[in-house]
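Notebook open, coffee poured. I want to go through the charged side chains here and then have a look at the sheet.

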Amino acid sequence: MARIEYVGHATVFLDLDGVRLLTDPLLRNRVAHLRRSTPVAARTRRGVDAVLISHAHYDHLDLPSLERLGKKIPIIVPKGLGGLLRKRRFEAVLEVQVGETLSIGALKITAVPAVHDGSRSPLGVAAQPLGFTVSGSKSVYFAGDTDLFEGMTELGPVDLALIPIWGWGPDLGKGGHLDPAGAAEAAARIRPARVVPIHWGTYFPIHLGLAGRPDFVDLPPLAFLAAMQEAAPEVEVTVLRPGESLDL
């Protein structure tokens with residue numbers, strides 16, 4: 001059995017070979033000045049076997065969201081972030097770096113490179129960001145947050161790539177992110193059978209949504225679909241809105 005649910009932002013629920021993983025959990029309907037476009041379903045927190053954290057930024061390593069999952073859940077983080085979680089009394093923190101592989105049930109999880117700022121400002125910890133490949137009866141690449149980099153072709157081919165295409169506002173912010181065109185180029189390099197765009201359509205600044213849902217929330221996947229036709233037309237694209245799922 002293989003199923004994914006796009007929870008929203010960089011959070012994806014992956015149910016593969018009897019193991020349930022959650023990536024970069026951001027499970028709150030309000031985060032600082034951001035409002036969530038679609039409420040988080042309660043089922044997202046149930047039965048999770050382990051969590052994958054790609055990097056230290058607050059929208060990917062969200063301590064309140066992790067606490068909703070419980071202090072005993074295994075959390076896999078980039079090397080250097082373990083102390084932050086242990087101080088909050090999380091009991092099963094595993095630190096990894098690029099090239100390391102660990103097993104959870106029938107799955108092999110490998111830490112792979114990512115190019116992105118790894119600091120937790122202000123004056124917080126810093127660690128090298130990661131992506132992850134998950135291998136079982138299907139193979140899945142989770143990019144976290146990254147820019148294009150040399151060696152990206154070595155990540156594929158995979159059955160499914162979860163690739164970020166945007167952020168939480170009307171623009172991407174500073175550096176180290178993929179826009180729709182860059183995400184299509186990443187897909188062309190990795191050569192997945194299927195790609196699901198993530199990191200879009202979930203959060204927006206409250207002041208930009210006073211008159212209703214902002215248009216920019218829904219535009220990134222349209223640009224991504226167009227870019228994929230140019231860069232990698234052979235790759236199947238499945239666009240999931242937050243809360244939607246897919247059986248592989």
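**Charged pairs and a sheet**

I started with aspartate 15, which counts as buried because its relative accessibility is 8%. I'm working from a predicted model, by the way. Aspartate 15 has a salt-bridge partner in arginine 20, with N to O at 3.7 Å. At 34% relative accessibility, arginine 20 is partly exposed.

Next I looked up arginine 28, which makes a salt bridge to aspartate 62 with the closest N and O atoms 2.7 Å apart. This pair ties together distant parts of the chain: arginine 28 sits in the loop between strands E3 and E4, aspartate 62 in the loop between strand E6 and helix H1, 34 residues apart. Aspartate 62 is buried, at 4% relative accessible area.

Then arginine 120, in the loop between strand E10 (107-113) and strand E11 (130-135). What is the nearest side chain of opposite charge to arginine 120? I found aspartate 62, 6.3 Å away; a salt bridge needs 4 Å, so arginine 120 has none, though it is buried. Its side chain does reach the backbone oxygen of alanine 56 at 2.7 Å. I also noted contacts from arginine 120 to residues including His57, Tyr58 and Leu84.

Last, the sheet. I traced seven strands in an open sheet with mixed pairing, in the order E9-E10-E11-E12-E13-E14-E16. E9 and E16 are the edge strands, each pairing on one side only. E11 and E12 run antiparallel, joined by four bridges, and serine 135 has serine 139 of E12 as its bridge partner. Helix H3 (residues 180-190) lies across E12 and E13, at about 155° to E13.

Conventions. Residues are numbered from 1 along each chain as its sequence is written. This is a predicted model: local features need pLDDT of at least 70, side-chain atom pairs count only at pLDDT 80 or more; totals for chains, interfaces and linings use all residues. Side-chain values use heavy atoms; hydrogens and water are left out. Helices (H or I, at least four residues) and strands (E, at least two) are DSSP runs, numbered from the N terminus. Buried means under 20% relative accessible area, exposed over 50%, partly exposed in between (1.4 Å probe, protein chains only). Lys and Arg count as positive and Asp and Glu as negative; His and the chain ends are not counted. A polar contact is a pair of N or O atoms within 3.5 Å; within protein, one must be able to donate a hydrogen and the other to accept it, and residues adjacent in sequence count only if both atoms are side-chain atoms. Contact means heavy atoms within 4.5 Å. Two strands pair if DSSP finds at least two bridges between them. Axes are lines fitted to C-alpha atoms, for helices over the stretch in contact, and angles run from 0 to 180 degrees between N-to-C directions. Lists of a residue's contacts leave out its neighbours within four places in sequence.
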